[in-house]
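The following exercises concern empty space, helix packing and backbone geometry. Each task is followed by a worked solution.

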Amino acid sequence: MRHLMSPLDLSVPELEKILDLASDIEKNPKKYAHTCDDKRLATLFYEPSTRTRLSFEAAMMNLGGKVLGFSSADSSSAAKGETVADTIRVVSCYADICAMRHPKEGAPLVASMVSNIPVINAGDGGHQHPTQTLTDLLTIRSLKGRLDNLTIGLCGDLKFGRTVHSLIEALVRYQNVKFVLISPEELRIPSYIREDVLKKNNIEFVEVERLEDAIPDLDILYMTRVQKERFFNEEDYVRMKDFYILDNQKLSLAKDDMYILHPLPRVNEIAVEVDKDPRAAYFKQVQYGVYVRMALILTLLEVELPC
Ligand code: NCD
């Protein structure tokens, strides 16, 4: 049985297969409409979510399956003190696959160790978010036609932003990918990513503070919000929250074929005026998130694919 805790749980060929399947689903959604007719997905969300939970649910429904679950720790037995391990043992009796989001790093991994059904990490604390990475990779591949030979700018809260950590881990496996890490000093990328992922793989990267200086060289600009819920005090958050605001003026410095991605939710870091620019791809990215989760569910459930 396969689980998905980090993008590295998939080899590059496996990942390509999932992206190819997602692209086929995009072209022929009807073909897949009954592939999971007899399957159930449980969404176990101990932390707030709009896109991730609803896109998992939409993905399973698009495949003909059913969904069940909870959307906050308060509305589950966690509020009574039940452990994640006990909860997953119980959920294994109700569902065929589950997606779990948890504020504690490693909680989905603990669940996967005792689970009888595939567990998908839907975000664990400030650690990893592999299905957002699948979404990001599908978006980049669909818009740019490749995942190699790219200069990727990651901007904002690189310290706590789990989507950034997972995306870097996945992209260092492609040829000639360069990173421009744009953040305030206090929100720089964690040292384990800098040392064990970037330096260890001899990846070209720079760390800068000013978005204006970095933007002209980028093929992709990946914006992120400052992760309010991971700050220890409100004052630090307030000081950091509007550090970057991408507006039309800054965007005028970018290449015509640079795309802007954002895992969403957006707070202030992208001005609403940017939404009309053809390079704004963050709402398209949401749609790709459904296709790729459909492909992932089919893969982990080892469903026989229609020809
Ligand atoms: C991200 C997350 O939860 O880490 N959201 C998402 O899943 N699309 C990004 C964020 O919350 O900032």
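On a 1 Å grid over the protein atoms alone, a cavity is a set of points where a 1.4 Å probe fits but cannot get out, whereas a pocket is an open set with protein on both sides within 12 Å along at least five of seven lines; lining residues have an atom within 4 Å of a point. Grid points are joined across faces, edges and corners, and a volume is the space filled by probe spheres set on the points.

The model is predicted: local features need pLDDT of at least 70, side-chain atom pairs count only at pLDDT 80 or more, and totals for chains, interfaces and linings use all residues. Residues are numbered from 1 along each chain as its sequence is written, and side-chain values use heavy atoms, with hydrogens and water left out.

**Exercise 1. Describe the cavities.**

Step 1. The search of the whole structure yields 2 cavities of 30 Å³ or more.

Step 2. The second largest cavity has a volume of about 70 Å³. It is lined by 14 residues, and Gly156, Thr224, Val226, Lys241 and Tyr244 are the closest to its centre. Its lining comprises 7 nonpolar, 2 polar and 5 charged residues (Ala, Val, Leu, Ile, Met, Phe, Trp, Tyr, Cys and Pro count as nonpolar, Asp, Glu, Lys and Arg as charged, and the others, Gly among them, as polar).

Step 3. For the largest cavity the volume is about 90 Å³. Of its 13 lining residues, Arg51, Gln132, Thr135, Gln285 and Val286 lie nearest the centre. Helices H2 (51-62), H5 (130-144) and H11 each supply at least two lining residues, and H11 gives the most, with 5 residues (helices, H or I with at least four residues, and strands, E with at least two, are DSSP runs numbered from the N terminus).

**Exercise 2. Characterise the packing of H1 and H11, and locate the pocket that both helices line.**

Step 1. H1 (residues 12-27) and H11 (residues 282-300) pack at an angle of about 120°, their axes being 8 Å apart. Axes are lines fitted to C-alpha atoms, for helices over the stretch in contact, and angles run from 0 to 180 degrees between N-to-C directions.

Step 2. H1 and H11 are therefore oblique to each other, given that angles under 35 degrees count as roughly parallel, over 145 as roughly antiparallel, 65 to 115 as roughly perpendicular and the rest as oblique.

Step 3. The contact (heavy atoms within 4.5 Å) includes Ile18, Leu21 and Ile25 of H1, and Tyr288, Val292 and Thr299 of H11. By class, this contact has 12 nonpolar, 1 polar and 1 charged residues.

Step 4. The second largest pocket holds about 290 Å³ of space. Among its 15 lining residues, Glu14, Lys17, Ile18, Leu21 and Thr299 lie nearest the centre. H1 contributes the largest share of this lining, 6 residues.

**Exercise 3. Relate the cis peptide bond to the largest pocket, then find a residue with positive phi.**

Step 1. Leu264 and Pro265 are joined by a cis peptide bond, with omega about 10°. Pro265 is placed in the loop between strand E9 (259-261) and H11.

Step 2. The largest pocket contains about 370 Å³ of space. Of its 21 lining residues, Arg101, Arg162, Arg225, Leu264 and Pro265 are the closest to its centre. The lining divides into 4 nonpolar, 10 polar and 7 charged residues.

Step 3. Asn149, a residue other than glycine, has a positive phi near 50°. Asn149 is found in the loop between H5 and strand E5 (150-155).
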